[in-house]
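Let's take a walk through this model together, starting from a single side chain and working outward to the whole chain.

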Amino acid sequence: GQTIHAKGLWKLHPKHGRQFEVHSFEMEKPRDLIGIQKYLESGHIKGIGPSFARKIVEKFGLKTLDIIDNTPNRLLEVEGLGTKRMKTLVASMSDELIVRKVMIFLRGHGISPVYAQKIYKHYGVECIEKVTENPYRLAKDIYGMGFKSADQVAKNLNISQDSPYRIEAGIEFLLAELGKEGHSCYEKQAFIVKVGELLGVNDQLITKHVETLVNDEQI
């Protein structure tokens with residue numbers, strides 16, 4: 001019962017014929033009566049089954065979703081639909097709207113649908129706020145998303161190249177990479193030079209943030 005806006009390519013499969021290969025998609029509100037009714041009765045919206053979904057759509061028609069969003073008390077005009085059920089329905093629709101906003105935000109900044117789901121699951125309703133404040137937290141918190149992916153998100157969000165978040169994340173990333181190569185320690189000045197090559201920022205800034213991370217016992 002959900003409506004999606006998909007982007008991708010039409011392809012001709014040798015066995016199954018013409019197929020659409022989806023590269024990305026976004027959820028949209030259904031636009032016709034059948035779509036609205038299926039959406040309400042799909043199980044995504046708590047408190048509403050097929051019977052009430054039909055009654056609501058019969059009562060409000062194409063205005064159904066606007067009424068739920070803007071004047072939900074009008075749902076009490078539907079016979080048998082009490083205050084408790086109305087509140088459950090509205091809360092569920094609100095949750096759906098938040099998820100949709102988060103997915104649009106994350107996809108808009110180059111994050112794949114798979115990682116978008118992981119990020120939302122980890123941060124919940126604070127997702128947009130947390131990622132906007134410090135996208136480099138993704139490298140720490142989301143399994144499979146490394147520094148370079150987080151750095152690309154940060155660029156999309158216009159985070160400055162010399163942001164403290166970026167420098168400290170870059171230091172931690174490079175230490176982890178050196179550890180993977182078998183190093184158990186690394187000469188400090190040589191390390192600072194390597195960080196500078198990675199981030200394109202001056203040695204003084206890197207030294208300052210290395211000392212901050214050491215003092216905070218992060219490294």
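## Starting at an arginine

In this predicted model, a polar atom of the Arg-166 side chain sits 3.0 Å from the backbone oxygen of Gln-161. Arg-166 belongs to helix H9. Is Arg-166 buried or exposed? Arg-166 counts as buried, because its relative accessibility is 6% and the cut-off for buried is under 20%.

Which residues does Arg-166 touch, once those up to four places away in sequence are set aside? Its contacts are Tyr-136, Phe-147, Asp-151, Ser-160, Gln-161, Leu-198, Leu-199 and Val-201. One of these, Leu-199, is also a buried residue of helix H10, and that helix is a good place to go next.

## Helix H10 and its buried side

Helix H10 runs over residues 188-199, 12 residues in total. From its first C-alpha to its last, H10 reaches 16 Å, close to the 16 Å expected at 1.5 Å a residue. Which residues of H10 are buried? They are Phe-191, Ile-192, Val-195, Gly-196 and Leu-199. These residues lie on the same side of H10, because they cover an arc of only 145° around the axis. There is a general rule behind such patterns: an α-helix has 3.6 residues a turn, so residues three or four places apart point the same way.

What covers the buried residues of H10? The cover includes helix H8 (147-156), helix H9 (164-180) and helix H11 (203-215). The two ends of H10 have details of their own. At the start of H10, the backbone nitrogen of Gln-189 has a side-chain oxygen of Glu-187 within 3.2 Å. Just after H10, Gly-200 adopts a positive phi of about 70°.

## Helix H2 and its neighbours

Helix H2 covers residues 50-60, and its buried residues include Phe-52, Ala-53, Ile-56, Val-57 and Phe-60. Where do they sit around H2? They share the same side of H2, because the arc they cover around the axis is only 130°.

The buried residues of H2 pack against helix H1 (33-41), helix H3 (64-70) and H4. Just after H2 comes Gly-61, with a positive phi of about 60°. As for H4, this helix spans residues 83-108 and contains Leu-97. Leu-97 counts as partly exposed, because its relative accessibility is 31%. Leu-97 is 32 residues from Leu-65 in sequence, and their C-alpha atoms are 11 Å apart in space.

## The hairpin

Now for the strands. Strand E1 (residues 3-13) and strand E2 (residues 17-28) pair in the antiparallel sense, over 11 bridges. How many residues lie between E1 and E2 in the hairpin they form? There are three.

Two pairs of facing positions can help you find your way along the hairpin. Gly-8 is opposite Val-22 in E2, and Ile-4 is opposite Met-27 in E2. A general point helps when looking at strands: in a regular one, the side chains alternate between the two faces of the sheet.

## Two positive phi values outside glycine

Most residues other than glycine have a negative phi. Asn-158 is not a glycine, yet its phi is positive, at about 60°. Asn-158 is found in the loop between H8 and H9. Asn-158 counts as exposed, because its relative accessibility is 69%.

Glu-217 is another residue other than glycine with a positive phi, near 60°. Where does Glu-217 lie? Glu-217 is in the segment after H11, and its relative accessible area of 70% makes it exposed.

## The chain as a whole

Stepping back, the protein chain has 11 helices and two strands. Along the sequence, the pattern reads β-β-α-α-α-α-α-α-α-α-α-α-α.

The radius of gyration of the protein chain is 24 Å, whereas a compact globule of 219 residues would have one near 17 Å. The C-alpha trace spans about 75 × 50 × 30 Å along its principal axes. Of the 219 residues in the protein chain, 33% are buried. Among contacts with a separation of 6 or more, 47% are between residues 24 or more positions apart.

Note on methods:
Residues are numbered from 1 along each chain as its sequence is written. This is a predicted model: local features need pLDDT of at least 70, side-chain atom pairs count only at pLDDT 80 or more; totals for chains, interfaces and linings use all residues. Side-chain values use heavy atoms; hydrogens and water are left out. Helices (H or I, at least four residues) and strands (E, at least two) are DSSP runs, numbered from the N terminus. The expected span of a helix is 1.5 Å times one less than its number of residues. Buried means under 20% relative accessible area, exposed over 50%, partly exposed in between (1.4 Å probe, protein chains only). The arc is that of the directions from the helix axis to the C-beta atoms. Contact means heavy atoms within 4.5 Å. A polar contact is a pair of N or O atoms within 3.5 Å; within protein, one must be able to donate a hydrogen and the other to accept it, and residues adjacent in sequence count only if both atoms are side-chain atoms. Two strands pair if DSSP finds at least two bridges between them. The radius of gyration is taken over C-alpha atoms; the globule rule is 2.2 Å times the number of residues to the power 0.38.
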